[in-house]
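Visitor: I have a structure to go through with you. Can we take it question by question?

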Amino acid sequence: MRYLQIRDVQEYEQEDTIPMNTFSDIFKKGFLEETGNLTTQGFALSMLAALICGMIVYGVYRNYYKGVIYSNNFNILLVLTTMVTCFMVLVISSNVVLSLGMVGALSIVRFRTAVKDPLDVGFLFWTVAVGVTCGAGLYLISLIGTVFIAGIYIVSAD
């Protein structure tokens, strides 16, 4: 009969333990890795997908908006919001340190313009969601979601 020895326990602990990363280890790694896995092709594809989906939103807002005041500037803002959100998600996902800095910088932003129509807020949320999904590389989901929401809006607007 073999008894469990201290040496056996120590060997077992060394084999089965997973090294724990502390926050400082992750933070130091974030400083060393500047761009993560962001490539020029990935950036271009994400921005192109955001532009295409943003133009779909632009077309829906332009052709089917039934609100009191139509603003072409707001419609252009919808496309820009899609692309800027995509750009921010790409930057945030490529580096831990940049993401912490971006969160800090964006936490002080406050919009003071009153929204005249609640439907405009829905369009803004739509473009932010499209930008986030394109920035995350979920192009098919972004396109399907954009077409699906556009279809629902077109059917309900008539």
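The exchange below moves from the whole chain to single residues.

Visitor: What kind of model is this, and how many helices and strands does the chain have?
Guide: This is a predicted model. From the N terminus on, its elements run α-α-α-α-α-α-α. The count is seven helices and zero strands.

Visitor: What share of the residues is buried?
Guide: Buried means under 20% relative accessible area. The chain has 158 residues, and the buried share is 25%.

Visitor: How much of the accessible surface belongs to carbon and sulfur atoms?
Guide: The accessible surface of the chain is about 11400 Å². The part that belongs to carbon and sulfur atoms is 68%.

Visitor: Among contacts between residues at least 6 apart in sequence, what percentage joins residues at least 24 apart?
Guide: Take the contacts in the chain between residues at least 6 apart in sequence. Those joining residues at least 24 apart come to 78%.

Visitor: Which element gives the most residues to the nonpolar surface patch?
Guide: The patch covers about 490 Å² and is made by Leu48, Leu51, Ile52, Met55, Leu143 and Val147. Two elements give two or more residues to it: α3 (40-64) and α7 (139-157). With four residues, the one that gives the most is α3.

Visitor: Is Leu48 of that patch buried, partly exposed or exposed?
Guide: Leu48 lies in helix α3. Its relative accessible area is 45%. Buried needs under 20% and exposed over 50%. Leu48 is therefore partly exposed.

Visitor: Are α3 and α7 roughly parallel or roughly antiparallel?
Guide: The axes of α3 and α7 are 10 Å apart, at an angle of about 0°. Angles under 35 degrees count as roughly parallel. So α3 and α7 are roughly parallel.

Visitor: Which residues of α7 meet α3?
Guide: On the α3 side, the residues are Gly42, Leu45, Ser46, Ala49, Cys53, Ile56, Val57, Val60 and Tyr64. On the α7 side, they are Tyr139, Ser142, Leu143, Thr146, Ala150, Tyr153, Ile154 and Ala157.

Visitor: How far is Thr133 from Ser46, C-alpha to C-alpha?
Guide: Thr133 lies in helix α6 (residues 118-135). Beyond four places in sequence, Thr133 touches Leu138 and Ser142. Thr133 and Ser46 are 87 residues apart along the chain, yet their C-alpha atoms are separated by 9.1 Å.

Visitor: Where in space is Leu124 relative to Leu78?
Guide: Leu124 lies in helix α6. Outside its neighbours within four places in sequence, Leu124 is in contact with Phe74, Leu77, Leu78 and Thr81. Leu124 and Leu78 are 46 residues apart in sequence, and their C-alpha distance is 6.4 Å.

Visitor: Is Leu124 buried or partly exposed?
Guide: The relative accessibility of Leu124 is 25%. The buried class ends at 20% and the exposed class begins over 50%. Leu124 therefore counts as partly exposed.

Visitor: What is the relative accessible area of Thr127?
Guide: Thr127 lies in helix α6. Leaving aside neighbours within four places, Thr127 has contacts with Val57, Leu78, Thr81 and Thr82. Thr127 is buried, and its relative accessible area is 0%.

Visitor: Which residues does Thr85 contact, leaving aside neighbours within four places in sequence?
Guide: Thr85 lies in helix α4 (residues 72-94). Thr85 is buried, because its relative accessible area is 11%. Its contacts beyond those neighbours are Val128, Gly131 and Val132.

Technical notes
Residues numbered from 1 in each chain as written. Predicted model: local features only at pLDDT ≥ 70, side-chain atom pairs only at ≥ 80, totals over all residues. Heavy atoms only, no water. Patch = residues over 30% accessible without salt bridge, like charges linked within 9 Å, V, L, I, M, F, W, Y side chains within 5 Å. Areas by Shrake-Rupley, 256 points an atom, 1.4 Å probe, with all protein chains shown as cover. Salt bridge = Lys/Arg side-chain N within 4 Å of Asp/Glu carboxyl O. Buried < 20%, exposed > 50% of the residue type's maximum accessible area, 1.4 Å probe, protein only. Axes fitted to C-alpha atoms, helices over the stretch in contact; angles between N-to-C directions. Parallel < 35°, antiparallel > 145°, perpendicular 65-115°, else oblique. Contact = heavy atoms within 4.5 Å.
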